[in-house]
Amino acid sequence: MQGRCTCGEIRFRLKAKPMFVHCCHCTWCQRETGSAFAINAMIEAEEVELESGVPEEVLTPSESGRGQLVSRCPKCRVAVWSVYSGAGPAIRFVRVGTLEDPGALTPDVHIFTESKLPWVVLPQDARAFPQYYRLEEEWPVESRERRKAAKARYAARDR
């Protein structure tokens, strides 16, 4: 899958299928995006190939208090992906709206639906959680293994 910022300075490619896709309805995502929710595809950092440009990393506050590192185009300022402290730098949360075909990825879960805007109607069969969920109960085994391996590879590089 190909992706880019609005001006095209930053172009990237996902070399693998994302491990999991969140549609987050928390008030922090609403504020950050200026919209009703954010849709993020979790994928190993090494599976995101930067084809052009150099994103600027901006430490942005988060509800956890640990912040997130948002990678933005230095020209148009569009966020292309984030790194959250919980997942660490081995995993990128790619903004699905920056993909050339954002409709190709359907959210696996809707999270923080307790703060979902009242006019947003979820699909009848959507997996939805008032807050967060237990990763080991929701992620497919293959995705959990990929996440674990990516974090281990990153930790080994840090030694």
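This report walks through the two sheets and the salt bridges of a predicted model.

**The three-stranded sheet**

Let's start with the smaller strand count. Here 3 strands make an open sheet, ordered 1-2-5, and the pairing is antiparallel. Strand 1 (2–4) and strand 5 (48–52) are the edge strands, each pairing on one side only. From one strand to the next, the twist averages 30°.

Zooming in on one pair, strand 1 and strand 2 (residues 11–14) are antiparallel partners over 3 bridges. If you want a spot to look at in the viewer, find G3, which stands opposite F12 in strand 2.

**The seven-stranded sheet**

The other sheet is open too, with 7 strands in the order 6-7-8-9-4-3-10. Its pairing is mixed. As background, strands of a sheet pair through backbone hydrogen bonds, and they can do that either parallel or antiparallel.

At the edges you'll find strand 6 (56–60) and strand 10 (109–111). Each has a single partner strand, so one side of each is left without a neighbour in the sheet. Ignoring direction, neighbouring strands here are turned by 30° against each other on average.

Within this sheet, strand 7 (residues 68–72) and strand 8 (residues 79–84) run antiparallel and are joined by 5 bridges. R72 has A79 in strand 8 as its bridge partner.

**Salt bridges**

Now for the side chains. The salt bridge count comes to 11. Three of these pairs are listed below, with the separation between N and O atoms.

| Pair | N to O distance |
|---|---|
| E100 and R4 | 3.2 Å |
| K75 and E9 | 3.2 Å |
| R77 and E56 | 2.5 Å |

Take E100 and R4, whose side chains meet in a salt bridge. This pair links distant parts of the chain, 96 residues apart: E100 sits in the loop between strand 9 (91–95) and strand 10, while R4 is in strand 1. How accessible are the two ends? E100 has a relative accessible area of 47%, so it counts as partly exposed, because that label covers values between the 20% and 50% cut-offs. R4 is also in the partly exposed class, at 29% relative accessibility.

Next up is the salt bridge between the side chains of K75 and E9. K75 lies in the loop between strand 7 and strand 8, and E9 in the loop between strand 1 and strand 2, so the pair ties together parts that are 66 residues apart in sequence. On the accessibility side, K75 comes in at 61%, which makes it exposed, because the cut-off for that label is over 50%. Its partner E9 is partly exposed, with a relative accessible area of 27%.

The pair of R77 and E56 has its closest N and O atoms 2.5 Å apart. R77 is in the loop between strand 7 and strand 8, and E56 is in strand 6; the two are 21 residues apart, and the pair links distant parts of the chain. Both ends are partly exposed: R77 has a relative accessible area of 36%, and E56 sits at 35% relative accessibility.

Finally, which residues are joined into one network by salt bridges that share partners? They are R13, E49 and E51.

Key
Residues are numbered from 1 along each chain as its sequence is written. This is a predicted model: local features need pLDDT of at least 70, side-chain atom pairs count only at pLDDT 80 or more; totals for chains, interfaces and linings use all residues. Side-chain values use heavy atoms; hydrogens and water are left out. Two strands pair if DSSP finds at least two bridges between them. Helices (H or I, at least four residues) and strands (E, at least two) are DSSP runs, numbered from the N terminus. Axes are lines fitted to C-alpha atoms, for helices over the stretch in contact, and angles run from 0 to 180 degrees between N-to-C directions. A salt bridge is a side-chain nitrogen of Lys or Arg within 4 Å of a carboxyl oxygen of Asp or Glu. Buried means under 20% relative accessible area, exposed over 50%, partly exposed in between (1.4 Å probe, protein chains only).
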